[in-house]
Amino acid sequence: MSSYRNIVWFLKAMRQYTRTGYEAASREFVARDLSANLEGRSFMITGANSGIGKATAMAIAKRGGTVHMVCRNRDKAECAREDIVKESGNPNIHVHILDLTESRKVWEFAEDFKGKHSSLNVLINNAGSMVKKREVNSEGMEKNFAINTLGVYILTKGLIPLLESSKEPRVITVSSGGMLVQKLRVVDLQTEKRSFDSNMLYAQNKRQQVVMTEEWARAHPRIHFSVMHPGWADTPAVAMALPQLYETLRSRLRTPEQGADTVIWLAVSPVAARMPSGRFFQDRKVVPVHLPLAWTHYSREKSRALMSRLEALVKQLQPSGGRSQLNSPIVTVELTGIPQGGGRRPV
């Protein structure tokens with residue numbers, strides 16, 4: 001069955017995820033969907049110093065939005081900020097330095113941001129990673145899981161109260177079509193018992209992002225949640241993570257701006273906000289989260305089990321005796337074997 005999924009997915013990818021796929025889809029785009037004045041609205045974008053993140057930040061800045069760039073490397077972030085301010089003429093671009101692989105620091109950042117800012121209209125979870133060998137962060141969390149799944153969970157849940165108190169709130173998570181080849185797993189989330197396969201683990205993390213989005217949409221109807229696949233874009237992260245694929249398909253890859261198009265559309269378009277919350281998007285359209293006949297469907301119970309497991313891990317990261325600022329679990333599910341401890345592929 002896994003071979004079937006991989007074959008069907010690759011044929012789909014070559015047709016839809018390339019620049020040609022974008023150009024075909026864009027014939028149906030409505031230009032006025034992005035004609036928005038974003039003055040007075042604030043946007044947080046993780047991984048905003050290059051690639052899709054920077055293209056998204058630039059587009060929002062040009063429309064007058066306030067941009068909070070959440071980046072790991074200060075020099076690269078400041079350089080990107082200078083480019084964005086210069087080209088957009090918008091000075092309301094702010095840099096925040098955060099290593100999203102460090103789980104406790106993500107929680108601390110969300111708490112600090114809520115204390116300093118009265119509103120946040122849109123959160124864009126763009127940063128992602130594919131670490132090629134098993135590494136753990138300072139809390140013992142496997143790094144792919146820490147940034148792609150747990151980091152997204154902590155940052156989003158931590159900022160939900162601020163988003164809910166803001167006007168027309170939205171959360172967009174940049175996922176991957178690669179998740180289509182993976183079933184949802186809620187055990188051994190940090191690859192402690194299985195052999196380590198970074199490609200498989202990345203796709204698993206991206207499947208988990210889809211499930212988190214679905215569950216958040218059910219639990220928080222005031223916020224519009226979406227998750228999307230940007231296609232295969234020519235970005236530094238892709239070149240670093242998948243050098244062979246990058247060199248083979250370089251002439252067919254989308255530009256960063258093409259990869260960012262649906263992110264921007266989901267973040268600013270009134271049309272996007274009228275779409276159902278919790279859905280998976282590709283090229284401004286809702287698309288299925290499963291391949292035909294691929295046997296990757298999961299039950300609601302399994303989805304909620306994942307959320308409860310993530311919440312249990314988050315509680316371990318908070319200061320002893322401290323009151324949780326994250327929302328309580330959606331449902332309590334009894335679980336056993338919750339892990340106590342513990343390259344890049346952003347396509």
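1. Two strands count as paired when DSSP finds at least two bridges between them. Helices (H or I, at least four residues) and strands (E, at least two) are themselves DSSP runs, numbered from the N terminus. With that in hand, strand 5 (residues 170-174) and strand 6 (residues 224-228) pair in the parallel sense, over 5 bridges. Within this pairing, Thr 173 has Val 227 of strand 6 as its bridge partner.

2. A word on where the values come from. This is a predicted model, in which local features need pLDDT of at least 70 and side-chain atom pairs count only at pLDDT 80 or more, while totals for chains, interfaces and linings use all residues. Residues are numbered from 1 along each chain as its sequence is written, and side-chain values use heavy atoms, with hydrogens and water left out.

3. Now the sheet as a whole. It is an open sheet of 8 strands in the order 3-2-1-4-5-6-7-8, with mixed pairing. Strand 3 (93-97) and strand 8 (285-286) are the edge strands, each pairing on one side only. As background, strands of a sheet pair through backbone hydrogen bonds, either parallel or antiparallel.

4. Strand 4 (residues 122-125) is a good place to look next. Strand 1 (residues 42-46) pairs with strand 4 in the parallel sense over 3 bridges, and Ile 45 stands opposite Ile 124 there. Strand 4 and strand 5 also run parallel, joined by 4 bridges, with Leu 123 opposite Val 171 of strand 5. Both faces of strand 4 are covered: Val 122 and Ile 124 are buried on one side, Leu 123 and Asn 125 on the other. Here buried means under 20% relative accessible area, exposed means over 50%, and partly exposed lies in between (1.4 Å probe, protein chains only).

5. Which strands does helix 4 (residues 74-88) lie across? Helix 4 lies across strand 2 (66-71) and strand 3, and runs at about 170° to strand 3. Helix 7 also packs on the sheet, touching strand 5, strand 6 and strand 7 (279-282), and its direction makes about 165° with that of strand 6. Contact means heavy atoms within 4.5 Å; axes are lines fitted to C-alpha atoms, for helices over the stretch in contact, and angles run from 0 to 180 degrees between N-to-C directions.

6. Next, the charged pairs. A salt bridge is a side-chain nitrogen of Lys or Arg within 4 Å of a carboxyl oxygen of Asp or Glu, and by this rule there are 14 salt bridges. One of them joins Lys 143 and Glu 135 at 3.7 Å, N to O. Lys 143 is partly exposed at 22% relative accessibility, and Glu 135 is partly exposed at 29%.

7. Glu 215 deserves a point of its own. The side chain of Glu 215 meets that of Arg 218 in a salt bridge of 2.6 Å, N to O. Glu 215 and Arg 218 are separated by about one helical turn, because they sit 3 residues apart in helix 7 (residues 198-219). Glu 215 also forms a salt bridge with Arg 300, at 2.9 Å, N to O. This second pair links distant parts of the chain, with Glu 215 in helix 7 and Arg 300 in helix 12 (residues 300-317), 85 residues apart. Together, Glu 215, Arg 218 and Arg 300 are linked in a network of salt bridges. Is Glu 215 buried or exposed? With a relative accessible area of 1%, Glu 215 is buried, whereas Arg 218 at 48% is partly exposed, as is Arg 300 at 34%.

8. Thr 262 is found in helix 10 and is buried, with a relative accessible area of 2%. Leaving aside neighbours within four places in sequence, Thr 262 is in contact with Met 228, Phe 281, Gln 282, Asp 283 and Arg 284. The C-alpha atoms of Thr 262 and Phe 281 are separated by 7.7 Å, and the two residues are 19 residues apart along the chain.

9. Finally, Leu 253 lies in the loop between helix 9 (243-249) and helix 10 (256-268). At 3% relative accessibility, Leu 253 counts as buried. Leu 253 and Thr 20 are 233 residues apart along the chain, yet their C-alpha atoms are separated by 8.5 Å.
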